[in-house]
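Here is my note on the helix packing in this model. Please read it with the structure open.

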Amino acid sequence: MEGKIEPEAKELHDNNTNNSNGLHCETKLKQQEGKSATQEIQLLHCDDSISEQDKKKISNLRAVVEKQDPSSKEVDDFAIRRFLRARDLDVDKASAMLLKYLKWRRSFVPNGFISPCEIPNEIEHNKMFLQGVDKLGRPIAVVFGGRHKQNKLGGLDEFKRFVVLALDKLCSRTSPGREKFVVIGDLKGFGYSNSDARAYIGALSILQDCYPERLGKLIVVHVPYLFWTLWKILYPFIDNNTKKKISFVENKRLTETLLQDIDESQLPEIYGGKMPLVPIHEA
């Protein structure tokens, strides 16, 4: 990624609806009479169940990890498979990653969850929303980068707690075999005051190291030229698996591109759809 980077040259992932792990799902959106914002999602087919090969790898990883951390017995097979996939099915590397995650979770989230009362300054920014699902049934979050400000009161730790609350909310709306979510990153109004590289790198670290194989797609919209300076700083911290899931959309193709992945009934109103925005902490 050298020199001038234009949005149209930054398409890192094609627009097909199959994710990188071979998950092929079909969904049916059914409008419920008298409930315009309520959708019934029916999973017709999903072939991302745990295979016999998966079971062998999972068993091998459990044998390694449970000796060092008995609490890992509570981790389900789908979660273990995500850690394996994040490390290309290398049991030793995935074991180290999982052990590090378990230690981090006990330390950073001692109560098992983050309460909104722990992140008042981040909530005040009103920058992240959760509602609707895409055509694969994956929950959708909308993040407004132009509303993010460096947290001078709660510091970086409060921002990281906000990230954990948001990711936990998204993950709670997934299901076994359909474990990913979609994020729309809206950079409208993004300026120098929003270029908080330290916070964004911290968020990337949490996403990639603690929530592996959860991101299905990141769609970045309303990208200002100023952002590309920050992008060059962030790019080395993004792993190859994550890079493949990021796409930048031109303003003139915004609605038509979003509609390729998201039904109009599930698309946020601000992008021409019918779904109202719900703040992440209220979702």
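**Helix packing around α6**

1. Start with the second pair. This is a predicted model. Helix α6 (residues 197-210) and helix α7 (residues 227-234) cross at roughly 50°. Their axes come within 10 Å. An angle of roughly 50° therefore makes α6 oblique to α7. The crossing is right-handed.

2. Which residues in α6 meet α7? They are Ala197, Tyr200, Ile201 and Leu204. On the α7 side, the partners are Leu230, Ile233 and Leu234. The residues of this contact divide into 7 nonpolar, no polar and no charged.

3. Now turn to α5. Helix α5 (residues 155-172) packs against α6 at an angle of about 40°. The two axes lie 10 Å apart. Oblique covers angles that are neither under 35 degrees, nor 65 to 115, nor over 145. That is why α5 counts as oblique to α6. Here too the handedness can be stated: α5 passes α6 in a right-handed crossing.

4. The α5 side of this contact consists of Leu156, Phe159, Lys160, Val163, Val164 and Leu167. They meet Arg198, Ala199, Gly202, Ala203, Ile206 and Leu207 in α6. How do the residues of this contact divide? There are 9 nonpolar, 1 polar and 2 charged. Gly202 of α6 is in the contact, and Gly counts as polar. Lys160 in α5 and Arg198 in α6 also take part; Lys and Arg count as charged.

5. To sum up, α6 has contacts with α5 and with α7. The α5 contact includes 2 charged residues, whereas the α7 contact has no charged residues.

Note on methods. Residues are numbered from 1 along each chain as its sequence is written. This is a predicted model: local features need pLDDT of at least 70, side-chain atom pairs count only at pLDDT 80 or more; totals for chains, interfaces and linings use all residues. Side-chain values use heavy atoms; hydrogens and water are left out. Axes are lines fitted to C-alpha atoms, for helices over the stretch in contact, and angles run from 0 to 180 degrees between N-to-C directions. Helices (H or I, at least four residues) and strands (E, at least two) are DSSP runs, numbered from the N terminus. A crossing is left-handed if the near helix is turned anticlockwise from the far one by less than a right angle, and right-handed if clockwise. Contact means heavy atoms within 4.5 Å.
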